[in-house]
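Let's walk through this protein together, starting with the whole fold and then stopping at one residue. Have the model open as you read.

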Amino acid sequence: RQQAEDWFRFAIENGHTAANVALASILIGDALGAAGRFPDPQTGAVDPRAIEAERLLQAAMEDGQPHARYFLYRLHAEGIGGYPVNLEQAAVHARAGAEGGLPALQSQYAQLLMDGLATDSDPLAAGRWARQAALANDPLGIQLWRSFREQASAEDLSRIEHRIPDRPGSD
């Protein structure tokens, strides 16, 4: 593990921003392993590995690394390493990742839209994103799409399956 971290740091120092995402994933894994210890009960401090992971991911995102959005979503949605949960910020990353074609974030964004968490509830848009994720074999996307199909009207299903907009400017 340490050797992998050293190699990723070396790659980062040499301008390979994909290594930012790889190293951040290790740091997030470490922070997940320290669950319950952060935030520090006395100081409120966040796990420094989560802070470093966010810094690495922000740089990777700015350099166009799409998978950085996935880990940023998780940091904000789950509060990894004692990070403050911020569903609004998580939704920003989920939507951008969904629009960027990441099936895992398409399904997460669909879930946020279905539940009305950090965004207005929009079942039709949620169905569209769930379908996209399901078509890419994302397990959550498949589950959400099945659930949506069971509850949706024939008209809504037709709109989604034939990509007919329900209103101008909709997702």
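A good place to begin is the outside. The protein has an accessible surface of about 9,200 Å², and carbon and sulfur atoms account for 51% of that area. Keep in mind as you look around that this is a predicted model.

Now trace the backbone. You will meet nine helices and zero strands, so to speak a run of α-α-α-α-α-α-α-α-α from the N terminus on. Laid along its principal axes, the C-alpha trace spans about 55 × 40 × 25 Å.

How is the chain packed together? Of its 171 residues, 39% count as buried. If you take the contacts between residues at least 6 apart in sequence, 51% of them join residues at least 24 apart.

Charges come next. The protein carries 15 positive and 23 negative charges, and the mean positions of these two groups lie 4 Å apart.

One of the positive residues deserves a visit of its own. Find helix α4, which covers residues 68-78, and you will find R69 there. Is R69 buried or exposed, and which side chain of opposite charge is nearest? R69 is buried, yet it has no salt bridge. The nearest side chain of opposite charge belongs to E99, 8.0 Å away, whereas a salt bridge would need a side-chain nitrogen within 4 Å of a carboxyl oxygen.

What, then, is R69 in contact with, leaving aside its neighbours within four places in sequence? The residues in contact with R69 are M61, V92, H93, A96, G97 and L105.

Methods: Residues numbered from 1 in each chain as written. Predicted model: local features only at pLDDT ≥ 70, side-chain atom pairs only at ≥ 80, totals over all residues. Heavy atoms only, no water. Helix = DSSP H or I, 4+ residues; strand = E, 2+ residues; numbered from the N terminus. Buried < 20%, exposed > 50% of the residue type's maximum accessible area, 1.4 Å probe, protein only. Contact = heavy atoms within 4.5 Å. Areas by Shrake-Rupley, 256 points an atom, 1.4 Å probe, with all protein chains shown as cover. Lys, Arg positive; Asp, Glu negative; His and termini not counted. Charge placed at Lys NZ, Arg CZ, Asp CG, Glu CD.
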